[in-house]
Amino acid sequence: MKLRVLGLAVALLVSGSAAMAEEYIAFQSPTGNIHCSLYQWNGTTTVRCDLREYTPSYTKAPPNCEYDWGMSFAVDRQGKGYLACVSDSMVDRGNPVLPYGEAVSLGGISCVSAKTGMTCTNAAGHGFSVAKARQKLF
């Protein structure tokens, strides 16, 4: 299953590096609580998922973060998952739903939707799992 949004519409809907994405896939969980963007830009691939409602598992801000944090998680094609410091949101009620048990992949990163939440990993097995009740980086 491929959910793709390309071109000018993406540039108008998102800000930052994702606005200039070479490839962009936006999706949400069936509950609408988790919204993600998976994109390639400038030779790398990144996925970021934002939670609309959550009980925070992380209570310490990322170093030098002057924006919002705690509800946004990301992983790049290489490296471990991280707590993102953000000034925007991936939440868009118009994002296609990624049904439970389905996955989406781009550039070495895959995300799987489950009743227990959304898990996104890179080829090295690093990433994150997010749900309303708990979030985990690995």
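Which residue is the bridge partner of Cys120 in S9? In this predicted model, select strand S8 at residues 117-122 and strand S9 at residues 127-130, which pair in the antiparallel sense over four bridges, and then pick out Phe128, the bridge partner of Cys120. With both strands still selected, move to Thr119, whose bridge partner in S9 is Ser129. The turn that closes this hairpin has four residues between S8 and S9, and Gly125 within the turn has a positive phi of about 90°.

Next, add strand S7, residues 109-114, which is joined to S8 by six bridges and runs antiparallel to that strand. Here Ser110 stands opposite Thr121 of S8, and the hairpin formed by S7 and S8 has two residues between the strands.

Widen the selection to the whole sheet, which is open and consists of five strands in the order S6-S7-S8-S9-S10 with antiparallel pairing. At its edges stand S6 (103-106) and S10 (135-137), each of which has a single partner strand, so that one side of each is left without a neighbour in the sheet. From one strand to the next, the twist averages 10°.

Now select Asn33, in the loop between strand S1 (23-28) and strand S2 (34-41). Asn33 is buried, with a relative accessible area of 12%, and a polar atom of its side chain lies 2.7 Å from the backbone nitrogen of Glu53. Leaving aside neighbours within four places in sequence, the residues in contact with Asn33 are Asp50, Leu51, Arg52, Glu53 and Lys132.

The last stops are the aromatic rings, among which three pairs are counted. Select Tyr24 and Tyr39: their ring centres are 6.4 Å apart and their planes stand at 25°, so the pair is stacked. Because Tyr24 lies in strand S1 and Tyr39 in strand S2, the pair ties together parts that are 15 residues apart in sequence. Tyr24 is buried at a relative accessible area of 6%, and Tyr39 is buried at 12%.

Move on to Tyr58 and Phe73, a tilted aromatic pair with 6.1 Å from centre to centre and 55° between the planes. Tyr58 belongs to the loop between strand S3 (44-51) and strand S4 (72-76), while Phe73 belongs to strand S4, so this pair too ties together parts that are 15 residues apart in sequence. Tyr58 is partly exposed, with a relative accessible area of 25%, whereas Phe73 counts as buried at 0% relative accessibility. Finally, add Phe128 to the selection, since ring pairs link Tyr58, Phe73 and Phe128 into a cluster; Phe128 is also the bridge partner of Cys120, where the tour began.

Conventions. Residues numbered from 1 in each chain as written. Predicted model: local features only at pLDDT ≥ 70, side-chain atom pairs only at ≥ 80, totals over all residues. Heavy atoms only, no water. Pairing = 2+ DSSP bridges. Axes fitted to C-alpha atoms, helices over the stretch in contact; angles between N-to-C directions. Buried < 20%, exposed > 50% of the residue type's maximum accessible area, 1.4 Å probe, protein only. Polar contact = N/O pair within 3.5 Å; in protein donor to acceptor, adjacent residues only side chain to side chain. Contact = heavy atoms within 4.5 Å. Phe/Tyr/Trp six-rings, centres within 6.5 Å; stacked < 30°, edge-to-face > 60°.
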